[in-house]
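I opened my notebook to look up how a ligand is held and what a few single residues do in the fold. Here are the entries.

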Amino acid sequence: METMEETISGAIVRAFFAKLQGSLALDVGIVGAGPSGLVAARCLAKAGLKVAVFESKLAPGGGTWGGGMLFNEVVVQDDAAPILHDFGIRTQPLGNGYHTLDSVEMASGLIFGARQAGATIFNAMSVEDICVREGKVCGLVVNWCPVRRLDMHVDPIVFTARAVLDGTGHPSEIVRKAVDKAGLKVDSPTGGIMGEKPMWMEDGERTTVANTKRLYPGLYASGMAANNVQGGFRMGPIFGGMLKSGQKVAQLILEDLR
Ligand code: 48F
């Protein structure tokens, strides 16, 4: 008879590998589980697409957990609050166009909402490269984060995807692979990465949404990654632009894949 240890280990291995196997050919591969990536994941999964999010850290959530300077509260604008409410995340209206909310409730709520909508989330996995075929970005090259951190010589595996979203935040790591390694010219003023400008909340919030676009067939950027590519301003602990960027990129991907 199977021991309890064998039952428990077997259950984990079988369940994990079913999840892995089910994600090898994706509709949308999202890199980075920050606010823009998680909002996009929920919208796309709700629309019935097969979506996986790859997050290099153990805890998904990106830059949401720490609020402003570790004061664990963040701010959103009136027009973005309904996106959070759809996840079941509560906000406190200030009556002046803004709301405050607990950053831990926001991070955990975004993760839970993306997962409950049907997106698969792989944590502690880093995307280290992309695949490009016939003028289209079509896959993600993935390894365990500790393999990368410890510089172990271990080959990655590949997840194919009809659309790839760079939600890696400030460094826009995936677009950088596309530009520097694959030599692609993306849809930016120079065809490359413009680099993020300093803090200007108002403009940064606006441009985060405006800069959210398809950069190359099969390749999209959201959130701070989108702003970094197009040379937008940073905006600090206000998150309406990030949430609306996630919603916008999901819409763009849906239109393109349909
Ligand atoms: O930076 P991040 O939170 O993404 P975002 O959606 O939101 C930005 C805001 O949090 C904040 C801001 C608000 O005003 O400016 O910065 O643009 O989350 C990006 C996630 O991507 C992960 C990283 O660990 C983080 O959780 N990530 C980065 N590179 C990789 C990655 C990679 N190569 N593979 C997997 N995950």
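**Entry 1: the shell.** I looked up which elements surround the ligand. α2 (35–46), β2 (51–55), β7 (125–133) and α8 (223–230) each give at least two residues to the shell. Helices (H or I, at least four residues) and strands (E, at least two) are DSSP runs, numbered from the N terminus. β7 supplies the largest share of the shell, three residues.

**Ground rules.** I noted that this is a predicted model, where local features need pLDDT of at least 70, side-chain atom pairs count only at pLDDT 80 or more, and totals for chains, interfaces and linings use all residues. Residues are numbered from 1 along each chain as its sequence is written, and side-chain values use heavy atoms, with hydrogens and water left out.

**Entry 2: neighbours.** Which residues come nearest to the ligand? Of the 28 around the ligand, they are S36, E55, G63, M224 and G236. A residue is near if one of its heavy atoms lies within 4 Å. By class, I found eleven nonpolar, 13 polar and four charged residues in the shell. Ala, Val, Leu, Ile, Met, Phe, Trp, Tyr, Cys and Pro count as nonpolar, Asp, Glu, Lys and Arg as charged, and the others, Gly among them, as polar.

**Entry 3: polar contacts.** I then looked for pairs of N or O atoms within 3.5 Å. A polar side-chain atom of S36 lies 2.7 Å from a ligand oxygen atom. A backbone N or O atom of P35 is 3.5 Å from an oxygen atom of the ligand. The side chain of E173 has an N or O atom 2.9 Å from a ligand nitrogen atom. Alone, the ligand exposes 730 Å², and the protein buries 92% of that. These areas come from the Shrake-Rupley method with a 1.4 Å probe.

**Entry 4: N143.** Is N143 buried or exposed? N143 counts as buried because its relative accessibility is 6%; buried means under 20%, exposed over 50%, partly exposed in between (1.4 Å probe, protein chains only). N143 belongs to strand β8 (residues 136–144). A polar atom of its side chain lies 2.9 Å from the backbone oxygen of V154.

**Entry 5: two positive phi values.** M69 is not a glycine, yet its phi is positive, near 55°. M69 is in the loop between β2 and β3 (73–77). M69 counts as exposed because its relative accessibility is 69%. A124, also not a glycine, has a positive phi of about 60°. A124 lies in the loop between β6 (120–123) and β7. A124 is buried, at 18%.

Methods: A polar contact is a pair of N or O atoms within 3.5 Å; within protein, one must be able to donate a hydrogen and the other to accept it, and residues adjacent in sequence count only if both atoms are side-chain atoms.
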